[in-house]
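Got the viewer open? Let's walk through this one stop at a time, selecting as we go.

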Amino acid sequence: MLVLIVGILITLIIESLPSIKSLGIGFLWGKIWDPVQNIYGAYPFLIGTLLTSFIALIISIPFSYAISIYLGEYNPKGWLSNLLKNTIELIAAVPSIIYGFWGLFVLVPVIRSFETKIHVAPYGIGVFTSSLILAVMIIPYAASLGITLIRMVPSPLKEGAYALGATRFEVIRSVIMPYTRSGLFAGVLLSLGRALGETMAVTMLIGNTSAVANTIKDAIFGPGNTMASVIANEFTEADHTVYLSALIELGLVLFFVTVIINLIGKRIITKFTNS
Amino acid sequence: MDARIGIRNTKSILFKGLIVFLAFVITLPLIIVLLYIIKQGVTQVNWHFLTHVPAPVGETGGGISNALLGSLIIVAMSSIVAIPVGILTGIYLSENPHTRLAYYSGLCVDILQGVPSIVVGIVVYFWIVKPLGTFSAISGSIALAIMMLPIVIRSTEQTLRLLPPSLKEAALSLGVPYHRVILKVIVPCGFAGILSGIMLSIARIIGETAPLLFTAFGNPYLSSSITKPMETLPHLIYTYATSPYDDWHNLAWGASFILLMFVLLLNIFTKLITRKWNIQL
């Protein structure tokens, strides 16, 4: 395992050396990505990745918290709870390519008419559409962890609060939530790690343009590109060394970011379950 | 005083309502996607569809036999690579949980689980595709094997950890050599858990597209040569879904239907096994 990880890291670094050498650190905030002119800047993709992931995260958090609370506290046993839990897990099992395909033919027209209504350019595809699909895809990761954590809250704590006359909502807000806060946060981090690296569904829905949008409205509803989607689209077309290695450098950045986020998340969980 | 309690109770009830609503609403997208794929896909599937290669644009008919065969070969090859390595690593991690090597390999398993699949694709491109000079099925299998490893390792490790230590101690006290204890006592006892881990990992990799883009690449013809490019189900869906032709979209719906059914059945089957043997994954 060690060899595998070190091998992956070394390969990525060696292959991205040409672009690190010729483009320097400025690569990360260069605003223009134009392979024809030999200008490479990662800024559009960094922004695209952050934007899609965070919108997806914001949409998904109420749902994953609701599932955690419902299955962890209100209804932890019984057939209904089992059915719901298995259904949530199936959401994660559906291949991302199928979400992308479905989104392209069903969600895109819906979004397009929605965009016409709120008076933005009706692309249909774009950052917002991919965030919606991403949100659905990442819910199970935060939810299944949240369920386990909320079930681990010691019942004397809850009983104490009930004995003081607290209502169910108050117990959840002032006992369960503070107790599980760090763990639920770790679940959100794991979802974020998933969202950052997700490739296929996003590639099919985001519209793949490397230009930076001028207004916030355009940035959210217009087409964009993420690090993963630009690699997927341009890797086999990259025809000279710097182009190719700039793409690999993006992969390297993606690798580091997801690994760090995942490790922090895992660390928090281990700490939480041990204490 | 009474009014205050009334407000608090109402708040509590409203909150419960909101939670229940949100928790159930999220199953809707899944149900909609499933129904849509089934509706679009089920009419496409017939014997001809399963046994023919895709037709060129403009001709009706055609099937996905190349992708079915390709997915089967590639998944089988990655299982051959990943399952033995994964199980052995899992046994090592559960048998020696406190050594330094185990700590670092455990850490690496965690890292590997978080690596985006597209990055795995890039790396395998430089490891295998570039030296060989051609996209090939074998490189696709290696990429998928890397994706498969962490799931197999973790499930093996966790199943074996749950086994009571007295089991191993009893076998050892009878004078059975260590390797036979592992092979004849530990592994058979945890077999159901290991098996369900393997099935979950297969369900996961069979739908992976990103690592295959630069490795197995895709191939419109029926091919069983592992050193040549090979078509797989998810890659076929990707190329045909993004094409402008209706015939090809239909082909992709059919392929999605088959892929989805396979993945769901594998998942449900795994659930049944784990429930029967009472395993927590």
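Start where the two chains meet: 55 residues of chain B are in contact with 54 residues of chain A. Keep in mind that this is a predicted model. To light up the chain B side of that contact, select helices H1 (2-25), H2 (27-42), H5 (100-114), H6 (117-132), H11 (210-213), H12 (233-241) and H13 (246-277), each of which supplies at least two residues. Which helix of chain B gives the most to the side that touches chain A? That is H1(B), with ten residues. Now colour the chain B side by residue class: you should get 38 nonpolar, twelve polar and five charged residues.

Next, hide chain A and look at chain B by itself. In cartoon view, chain B shows 13 helices and zero strands. Follow the chain from the N terminus and every element you pass is an α. How spread out is chain B? Its radius of gyration is 24 Å, whereas the globule rule gives 19 Å for 281 residues, so chain B is more spread out than a compact globule. If you draw a box around the C-alpha atoms along the principal axes, the box comes to roughly 75 × 70 × 35 Å.

Stay with the whole of chain B for a moment. Of its 281 residues, 45% are buried. Take the contacts in chain B with a separation of 6 or more, and 74% of them join residues 24 or more positions apart.

Now split chain B in two. Give one colour to domain 1 (2-42) and another to domain 2 (47-277), following the domain assignment. Put a marker at the C-alpha centre of each domain, and the two markers sit 34 Å apart. Where the domains touch, five residues come from domain 1 of chain B and five residues from domain 2 of chain B. On the domain 1 side, you'll find three nonpolar residues, two polar ones and no charged ones.

For the last stop, select helix H4 (residues 65-95) and helix H7 (residues 137-162), both in chain B. At what angle do H4(B) and H7(B) pack, and how far apart are their axes? The angle is about 35°, and the axes are 6 Å apart. Turn the view until one helix lies over the other: H4(B) and H7(B) make a right-handed crossing. Show the side chains where H4(B) meets H7(B), and the contact breaks down into 21 nonpolar, nine polar and two charged residues.

Notes: Residues numbered from 1 in each chain as written. Chains lettered and ligands numbered in written order. Predicted model: local features only at pLDDT ≥ 70, side-chain atom pairs only at ≥ 80, totals over all residues. Axes fitted to C-alpha atoms, helices over the stretch in contact; angles between N-to-C directions. Helix = DSSP H or I, 4+ residues; strand = E, 2+ residues; numbered from the N terminus. Left-handed = near helix turned anticlockwise from the far one by under 90°. Nonpolar A, V, L, I, M, F, W, Y, C, P; charged D, E, K, R; others polar. Domains from an automatic or database assignment. Contact = placed C-beta atoms within 7 Å. Rg over C-alpha atoms; globule rule 2.2 N^0.38 Å. Buried ≥ 20, exposed ≤ 12 C-beta atoms within 10 Å, placed from the backbone.
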